[in-house]
Structure formats: C-alpha cells, structure tokens
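Let's take a friendly walk through a protein model together. Have the sequence and the 3D view at hand, and follow along at your own pace.

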Amino acid sequence: MDEAVSTTLEQLLNNTQLFLSYYNNKQKWTALYPMASKLAEQYRVLYSEQPFALQARLTLYNPNYSYATNLVVSQSVITAALCKSQHYNNALSELYIAASLIEHLCVGAQLNKLCEQTPFQDSDKNIWKMRHQLAAKVMLSSGDSAKPVTQLLAKLSKYKQALVSAPKTMLYDGGITLIALANIISMNITSNTANKHMSLFKALTDLYIRTPNLFALQLIKSLIAHLGPLLPGSRVFYAEQTMIYLATDAQQKHILISTANPNKLAWFSVKATLNDNPKQWHCADKTISFKVFNSEHVKSKSVAGVDKAQSLLELISNIKSQHEYSYKGLSQLMAAHPQVVANLCEAVKPYNKEHQAAKDLKHSLSMVGYYNAPAIIQRVVFEQLVNVTPHPLQAYVTNRLNGLVKIMALLVSKNKHDQFEHITLPLYAYAHFLLTQCSTQLSRKTLIDDTPNKTLSAPICSFFGVDSINNEQLTQQLTHLLSDNPWTTALLEAEQTPKKHLTDSHKLWITLKIVAQSVFKPELALTAWQLQTLNEQLKILNWQNPTDFNQKLESLALFNSI
C-alpha cells in the first residue's frame, strides 16, 4: 500500500531539517552528500507525483521548523518546479535540487539571525562570505562524486549578484542561473520576523523587471506558466469568508477548504474567478499543512504527453541509410512527423542552384534523389532530436555540434564517393548521447589537455566539456541508432584505438578533432603528430594545398563561442 502523501511530505521536511543539523557534527560530514542526493531524489519524485503538496510549501510557513529549514524547503521546491517547467531529466533535476539543499548547509545559524534581525558578529560575516566554499569542502569529504555540485556552488554568489545588481555581467551557465534564481526567490518569499517578505508572484515580477539575463527571463516565464494563477495553500476570499485554496481539478474547479469551524474542515469545489493572497503565512495545523493533500481532490491529474524524443528515435530506427525507398514507403514512415517533413524541405536547399526550399516531401526527394534521401532525412531527424532534448546548455551543444558538422562537410567536400550527411550522422547521435547520458557533466569548456595523451586522441566529448564517458554505453546507443552506418564504427574505434593502429577511416575522425581543436582551442598548439596526421589526411581527401583548406575553413566563420 502506498504511503499517505502527508506522511511522505512530513518525513521529507523532517529529513531536510536533520540534514542541515548534521553540519554541526563533523563525524557526519562524509554522509552529507549521499544524504543530499537522496533528499534531492525524494523532492523530485514527490514534486512529479504530488506537485500541489510541495507547491504549498511556498505559502505555508511551518513554525515547527526553523527559518533556515523553511527557507531551504522553499528553495528546493522552487528548484524542482523550475526543472519541471523546463522538462529536465532526472539526473539534472536532482543535481540542481541537491545544490539548493547544500547551499545553506553551513549558515543555518546565520539565516536564523537574519530572520530575527539579529546583527552579525565578525565571525558570522566571515562564515556567510565563505558559505559556498565551506559547503564545497564538506561535500568533498564524501569523495569525487560531489564535484559536479561543488562546481555549481563555486560561482553561485557571482551569479546571484549579477542577476540582481550587475546587469553588464555575462552569465553563461544556465544551471547556476537556475539555482541562483531559486535562491533569490526563496529569500524574498520566506516569512520572517520583520514581515518584509513578499508573495511568490510579486518576487517573480520584481526579478523579471530587474534582470537583463535572457535565460533567467525565460525561466521566470516558464515557471509562472507551470504554476498557474493560484498557489496551493494561499488564502482566498469566497462566500464572504476567507478560505484556503488547495488545487484546481481536471474540470477546472477550484478546491477550497474553510476553517470557520475549528472542529471540522469544510470542503468546497467551485468554478469562480478567485483572487488569492499567496504571501507565505504561519500554519502550525498539521491537517492543513499535510493531511489535506491525502485527498483525491488535490492529487495531480497528470496527462501522459507524447514523448517527442522517443517518437523521433523510432523514426531514426525505421529509416535505414542503406535501403532503397519509394516515395510511398517514405511518405508512410513520415506521415506522423509533419515537422520533420517541413525541416527536410529546408534542408534540401543546397541541392539546387537557386537554394530554394522544396514545396513538399515529393519535391524534396526529387531534389536530392532517393539514394541520398535516407541519410539526409536521418540528419534532419537527429537535428530535431537534439533540439527537443531539454538542457540549460542545449543551445551551446547545438552550436558546437553544427561547428563540427561544418568542419566535416568541408573536409570531405572534394570526396565524390561518400555523402557528407551519411558521414556526420554519428556526430548527431553522439551529441544526443551527451545530452541524455552526460547531462550533469556538460559544460562550455574544451577539455583538451596541454599535455596530450600519448596513446589515444582526445575524445569528441571533450569539445562539450565532458572529461570521460562510458564507452560501452556510448557504443551500445550509437550502434543501436545507426546499425547500418559504417562511419559509426569508425568513430567509436577512433576514440579507443591507439594512435599507431589507426586506419584512414579512423584518421578522418582524428582529423576532424585536430581541425576542431585549432578552431575551438586555438591557444593550444598542435603537436607534431597532429600536424603530420592533418597534412596526410588532407592529401587523401584531395586537398593538395593546406592553405586552400585553411582559407575555406576561415570562410565558415567558426570561432570559440562561449
């Protein structure tokens, strides 16, 4: 039998307070990061299953817990809501929620002083200033698994400051921006002794006006759309009395409770325009704070949506490059994907002198020919797949991927035997793997060492800020998606084959990485082996003059965009 929502919710809040208290016991430090990770998972799961119960933490201040605990709970809920509004995967959501839990770990006493408006001593000021460094130190006592969260904490103060008072500061990490937003909002909405806190929507409005950061603005808009106009736990005036709003059901009826009778709650289901007061208020009543959310009336009526990514993956699996198709066969496969057809009509522009888009699928196929069509269709589907995979760095990954594709297209442009779309398909599959399986590791850094690996060349993932990947998992996923593409095997082998055993097929991928390194990390000089490999491969690819290649490369206008 499933545990009651109220029981799960109360345990989560109790565990949050327990987690924060462990900082005072140094012997517990090694257990703190695993505990934060587990708590983050519980927040994510409960928010996914019972969003109203957790959203009510933003309006119901529980005086049975400290101000610090109420603040951390609010920030964790806001972070979970932001991640849900962006459709981030489980691993990414849990990392960001964990960062919100950990951020205030070392300053619980100082937060409570803020609430009481007690002046900070010099020691309080030092701890507050160093709070993120202290939290990182505590987390790293659990081992290297905590590194991703410490990297988020490292720049959090800078990002928070930039969002509210330094408009000219450029912010490049969407994940840190999200956590900083949750921090600012929770600090503004959590009830305090001076009663200077504000409602969630007022806090979001003020922040929207103050910050120039485009990603932050998009997050705020998405969060408002996700939450809707009324916040669970907020007080509304209906039927000439103050009631508490809990949820809106599938029939768009608002679920309200009245506390006029202290011995028994009265429940109402109304279809009316309501104005609520979503400012956080003190609620010590366990029935209102926890037990009302056991009701079937306030449980989320989630509707299973169409999984766009899975639908596209199935289309990729169904279209094989080494297969002869008729128009009828392709039109049947793509009937359920009008956006893919529309994108294909644009993608065929280079195949006619006028660079005109095709009118429809049949026109597209006549432009490129049925032999070339499968690889081009797969490329279009992969592009769409990468575009529908949510991640704070999704735009950056797409730009870097497009840069690699353009370099490969240039490298093989004098080769009349191989279709460049066919060759570059594994790059799209690789990028999709990184977005889904390495979501917490992606960054804007180009992780190529100044001291190169003498045995293996740097992997492609290093151009996306990922230091290492599970090669077995990568091989399984890429070969499943592109089982009939020989360039997939060549790419995978090039990542794991010693330099002295590389074939020309492997070296094509090595050459791509060498050229990409010169573009995306120009301050790092190429080694003698890289220069030799590059010159050899350019000749094989019919580039008799490296200068000609370099001029064409410059015309692509690629640069190390951050």
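**Charged pairs, a sheet and two cores**

Start with E346 and K349, which form a salt bridge whose closest N and O atoms lie 3.0 Å apart. Keep in mind as you look that this is a predicted model. Why would two such residues meet? Side chains of opposite charge can pair when their charged atoms come close. Now ask how open to the surroundings this pair is. E346 has a relative accessibility of 42%, so it counts as partly exposed. K349 is partly exposed as well, because its relative accessible area is 29%.

Next, find K299 and E296, another salt bridge, with 3.5 Å between the closest N and O atoms. Is E296 buried, partly exposed or exposed? With a relative accessibility of 55%, E296 counts as exposed, because the cut-off for that word is over 50%. Its partner K299 is at 24%, so K299 counts as partly exposed.

Now turn to a third pair, E94 and R44, whose side chains meet in a salt bridge at 2.6 Å, N to O. Which parts of the chain does this pair link? E94 sits in helix α5 (residues 90-103) and R44 in helix α2 (residues 29-49), so the link joins distant parts of the chain, 50 residues apart. Both E94 and R44 are buried. Altogether, the model has 11 salt bridges.

Let's leave the charges and look at the strands. Strands of a sheet pair through backbone hydrogen bonds, either parallel or antiparallel. Here, five strands form an open sheet in the order β5-β4-β3-β2-β6, with antiparallel pairing. The edges are β5 (266-270) and β6 (276-277), each of which pairs on one side only. Within the sheet, you can trace how β3 (residues 241-248) and β4 (residues 254-258) run antiparallel and pair over five bridges. For one spot to click on, try M243, whose bridge partner in β4 is S258.

Finally, look inside. The largest nonpolar core has 86 residues, and F19, Y96, I102, M139 and F293 touch the most other members. Helix α2 gives this core its largest share, 10 residues. Which residues does F19 touch, leaving out those up to four places away in sequence? They are L32, M35, A36, L39, L101, I102 and L105. There is also a second, separate core of 83 residues, and its members include A375, V381, L492 and L553.

Technical notes:
Residues numbered from 1 in each chain as written. Predicted model: local features only at pLDDT ≥ 70, side-chain atom pairs only at ≥ 80, totals over all residues. Heavy atoms only, no water. Salt bridge = Lys/Arg side-chain N within 4 Å of Asp/Glu carboxyl O. Helix = DSSP H or I, 4+ residues; strand = E, 2+ residues; numbered from the N terminus. Buried < 20%, exposed > 50% of the residue type's maximum accessible area, 1.4 Å probe, protein only. Pairing = 2+ DSSP bridges. Core = buried A, V, L, I, M, F, W, Y, C linked by side-chain atoms within 4.5 Å. Contact = heavy atoms within 4.5 Å.
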